[in-house]
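The following paragraphs lead the reader through selected helices, their packing, and several individual residues. The sequence and the structure are shown first.

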Amino acid sequence: MKIDTARVLAEHKLERLARNSTDTVTFWKEATGVLQGIIPFDFHPCWFTVDPATLLITGHLNEGLDRTPPQIAQAWYGEGDVNSPNDLARIRSGVATVRSATGGDPVASWRWRHLLDPLGFDDSLDAVFRKRGTVWGALTLLHTDGSRPFTGEDMRFVARLGENLAIGTQLGLLHGEAATSASDGPAVLVVSHELVASTATENADQWLVDLPDIGQFRSDRLPMPIQVVTLRALQSDNGDAGATVRSKSGRWVRIHGSRLSGGGEVAVVLEPATPEHLAPVRLAAYSLTEREQQVVDLVLRGRSTQQIADELFISEYTVQDRLKTIFEKVGVRSRRELVATIHQTDFAPLVSANDERIRNGQPINR
């Protein structure tokens with residue numbers, strides 16, 4: 001079999017870029033240059049960060065656009081259109097075109113009818129990229145009617161790049177978090193069983209003063225959420241405890257405590273809450289039980305009724321019954337509306353904020 005030297009060299013180049021990635025946006029722009037030399041596509045690629053827990057998009061880059069087109073989220077989460085990250089994650093290759101996914105009839109795709117075709121595009125090659133099975137991002141390449149159609153080899157090539165695209169995206173996100181200001185970066189405290197902080201990072205006070213509490217913040221007493229998490233970690237069987245709270249400034253904060261060896265102290269970490277952390281908070285607002293929240297989590301991951309029943313060790317009838325109750329509590333009529341509602345509440349604001357961060361040359365947030 002003839003070896004395509006250009007594609008092999010491109011794969012090696014992307015691997016080097018991925019392992020040296022220090023910024024997600026820069027990595028994506030460099031990866032675009034690698035792809036341009038191999039796959040013919042029109043306009044700029046759409047790059048996405050994806051929440052690994054729910055497979056909902058959290059950020060987007062297209063160098064030809066200032067803002068994420070709302071039709072993308074509407075197609076994948078409101079209309080249940082083909083090639084959503086959930087769909088692609090179920091495919092071994094993680095890659096499909098709109099034409100292949102619709103059996104050669106792109107008109108069947110809501111995104112094609114309402115976004116791609118009106119803008120003059122004839123097809124879309126969509127992919128998710130995974131590292132050890134975990135999805136970290138997604139990619140969309142477009143071509144117009146006059147361009148060479150995407151081929152099976154194009155799809156296989158993008159699939160081979162998947163792990164390195166995931167590595168570069170993940171490393172870029174981690175470096176971006178580390179590069180944020182001290183007030184935004186995680187803070188760590190070591191708290192004793194007497195609820196006294198023996199050590200703390202320099203930025204800890206900036207976090208503590210913003211936490212909700214009974215009365216005003218006092219330097220000689222830790223805020224109530226820290227006390228609660230510390231006591232729970234000391235008393236729990238596995239030594240872990242956590243809470244997600246809304247700060248005085250309005251941001252959501254994740255507090256996690258881990259009991260240290262010796263049993264008398266707890267390492268407490270404070271960091272910005274991610275959508276994964278916020279999901280239980282949002283769902284609790286609908287008065288969903290713990291079991292109902294588990295069902296919603298699996299719905300977000302694209303599980304079928306049978307798969308949900310198998311994973312939760314309940315009958316399909318029970319799953320349907322719980323879904324009916326969930327729909328009534330959330331005020332929706334279908335799984336599709338449920339996913340769309342959660343995306344609009346938890347993830348759309350994050351995508352919009354990331355659009356703004358990209359315009360200002362700041363790192364993408366998860």
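In this predicted model, the axes of helix H1 and helix H2 (residues 24-36) come within 10 Å and cross at roughly 175 degrees. An angle over 145 degrees counts as roughly antiparallel, and H1 and H2 are therefore roughly antiparallel to each other. On the H1 side, the contact involves Ala10, Lys13, Leu14, Leu17 and Ala18, which meet Phe27, Glu30, Ala31 and Val34 of H2.

H1 itself comprises residues 5-19. Its 15 residues reach 22 Å from the first C-alpha to the last, close to the 21 Å expected at 1.5 Å a residue. The buried residues in H1 are Arg7, Ala10, Leu14, Leu17 and Ala18. These residues lie on the same side of H1, because they cover an arc of only 95 degrees around the axis. In an α-helix there are 3.6 residues a turn, so residues three or four places apart point the same way. Thr5, Leu9 and Arg16, by contrast, are exposed on the other side of H1. At the N-terminal end, H1 is capped by Asp4, a side-chain oxygen of which lies 3.2 Å from the backbone nitrogen of Ala6.

The partner helix, H2, has 13 residues, which should span 18 Å at 1.5 Å a residue; the end C-alpha atoms of H2 are 18 Å apart, in agreement with that expectation. Buried in H2 are Thr24, Val25, Phe27, Trp28, Ala31, Thr32, Val34 and Leu35. They are placed on the same side of H2 because their arc around the axis is only 165 degrees. Among these buried residues, Phe27, Ala31 and Val34 also take part in the contact with H1.

A second helix pair has another geometry. Helix H11 (residues 290-300) packs against helix H14 (residues 335-359) at an angle of about 90 degrees, and their axes are 10 Å apart. This angle makes H11 roughly perpendicular to H14. Val296, Val299 and Leu300 of H11 make the contact with Arg335, Leu338, Val339 and Ile342 of H14.

Attention may now turn to the loops. Ser287 lies in the loop between helix H10 (275-285) and H11. Although Ser287 is not a glycine, its phi is positive, at about 65 degrees. Is Ser287 buried or exposed? With a relative accessibility of 52%, Ser287 counts as exposed, because the cut-off for that class is over 50%.

Leu195 likewise is not a glycine and has a positive phi of about 65 degrees. It is found in the loop between strand S6 (187-192) and strand S7 (197-200). The relative accessible area of Leu195 is 22%, and Leu195 is therefore partly exposed.

The last residue to consider is Arg111, which is located in helix H6 (residues 110-116). Its relative accessibility is 3%, so Arg111 counts as buried. What does the side chain of Arg111 make a polar contact with? The partner is the side chain of Ser124, at 3.4 Å. Leaving aside residues up to four places away in sequence, Arg111 touches Ala75, Trp76, Asp81, Val82, Asn83, Val98, Leu116, Ser124, Asp126 and Thr140. Ser124 thus appears both as the polar partner of Arg111 and among the residues that Arg111 touches.

Conventions:
Residues numbered from 1 in each chain as written. Predicted model: local features only at pLDDT ≥ 70, side-chain atom pairs only at ≥ 80, totals over all residues. Heavy atoms only, no water. Helix = DSSP H or I, 4+ residues; strand = E, 2+ residues; numbered from the N terminus. Expected span 1.5 Å × (residues − 1). Buried < 20%, exposed > 50% of the residue type's maximum accessible area, 1.4 Å probe, protein only. Arc of directions from axis to C-beta. Polar contact = N/O pair within 3.5 Å; in protein donor to acceptor, adjacent residues only side chain to side chain. Axes fitted to C-alpha atoms, helices over the stretch in contact; angles between N-to-C directions. Parallel < 35°, antiparallel > 145°, perpendicular 65-115°, else oblique. Contact = heavy atoms within 4.5 Å.
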